[in-house]
Amino acid sequence: MIIEIDFNSDEALYLQLRNQIILGIATSRFHEGDSLPSVRQLADSIGINMHTVNKAYTVLRQEGFVKVDRRKGAVIAIDVDKLQAMNELERELKVVLAKSCCKNISREEVHALIDEIYENYGGLG
């Protein structure tokens, strides 16, 4: 598993780890049913505290990307229902789009950027 953590970033380490795992799911590096490394293994390989990894796994579980199995540990389990995901996306996009408007980024530029990013995660279908 390749996880890239930026120790100089202002973003919390557990959020970086969470985001890397979500990006891994979106780009098919991780699939439904794949086991993630144990908290201790991942912490040791990245060089971060076990509590940080545990917090990332907890957030992923709460968001419906991971379930905890007694035998396998943390397992990719994408069970977020679409309506909940759409509501969350809307809340997050409102802020992102407001920032874009403040910086005079046009609707066309936003759409082009979304299309470009979305293509990286499986196309526009």
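# Notebook: a walk through the chain

**Entry 1, Thr52.** I began with one residue and looked up what it touches: setting aside neighbours within four places in sequence, Thr52 is in contact with Leu13 and Tyr14. I should say at once that I am reading a predicted model. Thr52 has its place in helix 3. Is Thr52 buried or exposed? Its relative accessibility is 18%, so Thr52 counts as buried, the cut-off for that word being under 20%. Both of its partners, Leu13 and Tyr14, turn up again on the helix 1 side of a helix contact that I come to in Entry 4.

**Entry 2, the whole chain.** Next I stepped back for an overview. I found 5 helices and 2 strands in the chain. In sequence order they follow the pattern α-α-α-β-β-α-α, which puts the two strands after three helices and before two others. I looked up the dimensions too: the C-alpha trace spans about 50 × 35 × 20 Å along its principal axes. How much of the chain is buried? Of the 125 residues, 25% are buried. I also checked how far along the sequence the contacts reach. Among contacts in the chain with a separation of 6 or more, 49% join residues 24 or more positions apart.

**Entry 3, the core.** I then went looking for the largest nonpolar core, and I found that it has 18 residues. Leu17, Ile21 and Tyr57 have the most contacts inside it. Which elements give two or more residues to this core? They are helix 1 (13-26), helix 2 (39-46), helix 3 (50-62) and strand 2 (73-76). Helix 3 provides the largest share, 4 residues. I picked out Leu17 for a second look. Not counting neighbours within four places in sequence, Leu17 is in contact with Ile3, Ile5, Leu42, Ile46, Ile48, Val53 and Ala56. Of these partners, Leu42 is listed again in Entry 5 on the helix 2 side of a helix pair.

**Entry 4, helix 1 with helix 3.** Here I wanted the geometry of the pair. The two axes come within 8 Å of each other, and they cross at roughly 50 degrees. That angle makes helix 1 oblique to helix 3. I noted the hand of the crossing as well: it is right-handed. Which residues make the contact? From helix 1 they are Leu13, Tyr14, Leu17, Arg18, Ile21 and Ile22, and from helix 3 they are Thr52, Val53, Lys55, Ala56, Tyr57, Val59 and Leu60. Sorted by class, the residues of this contact are 10 nonpolar, 1 polar and 2 charged. I was pleased to meet Leu17, Ile21 and Tyr57 from the core again in this contact.

**Entry 5, helix 2 with helix 3.** Helix 3 has another partner to look up. The axes of helix 2 and helix 3 come within 8 Å and cross at roughly 120 degrees. The two helices are therefore oblique to each other. Helix 2 passes helix 3 in a right-handed crossing. On the helix 2 side I found Val39, Arg40, Leu42 and Ala43, and they meet Met50, Val53, Asn54 and Tyr57 of helix 3. The classes in this contact are 6 nonpolar, 1 polar and 1 charged. Val53 and Tyr57 take part in both of the helix contacts that I looked up.

**Entry 6, Val75.** I moved on to strand 2, where Val75 is found. With 4% relative accessibility, Val75 counts as buried. What does Val75 touch, beyond residues up to four places away in sequence? I listed Gly33, Asp34, Ser35, Phe65, Val66, Lys67 and Asp69. I also looked up a distance: the C-alpha atoms of Val75 and Gln16 are separated by 18 Å, and the two residues are 59 apart along the chain.

**Entry 7, two positive phi angles.** Last, I checked the backbone. Most residues other than glycine have a negative phi, so I kept an eye out for exceptions. Ser28 is not a glycine, yet its phi is positive, about 65 degrees. Ser28 is in the loop between helix 1 and helix 2, and I noted it as partly exposed because its relative accessibility is 43%. Asn104 is also not a glycine and has a positive phi, about 60 degrees. Where does Asn104 lie? I found it in the loop between helix 4 (82-102) and helix 5 (107-119). Asn104 is exposed, with a relative accessible area of 70%.

How values were computed: Residues are numbered from 1 along each chain as its sequence is written. This is a predicted model: local features need pLDDT of at least 70, side-chain atom pairs count only at pLDDT 80 or more; totals for chains, interfaces and linings use all residues. Side-chain values use heavy atoms; hydrogens and water are left out. A nonpolar core is a set of buried Ala, Val, Leu, Ile, Met, Phe, Trp, Tyr and Cys residues joined through side-chain atoms within 4.5 Å. Buried means under 20% relative accessible area, exposed over 50%, partly exposed in between (1.4 Å probe, protein chains only). Contact means heavy atoms within 4.5 Å. Axes are lines fitted to C-alpha atoms, for helices over the stretch in contact, and angles run from 0 to 180 degrees between N-to-C directions. Angles under 35 degrees count as roughly parallel, over 145 as roughly antiparallel, 65 to 115 as roughly perpendicular and the rest as oblique. A crossing is left-handed if the near helix is turned anticlockwise from the far one by less than a right angle, and right-handed if clockwise. Ala, Val, Leu, Ile, Met, Phe, Trp, Tyr, Cys and Pro count as nonpolar, Asp, Glu, Lys and Arg as charged, and the others, Gly among them, as polar.
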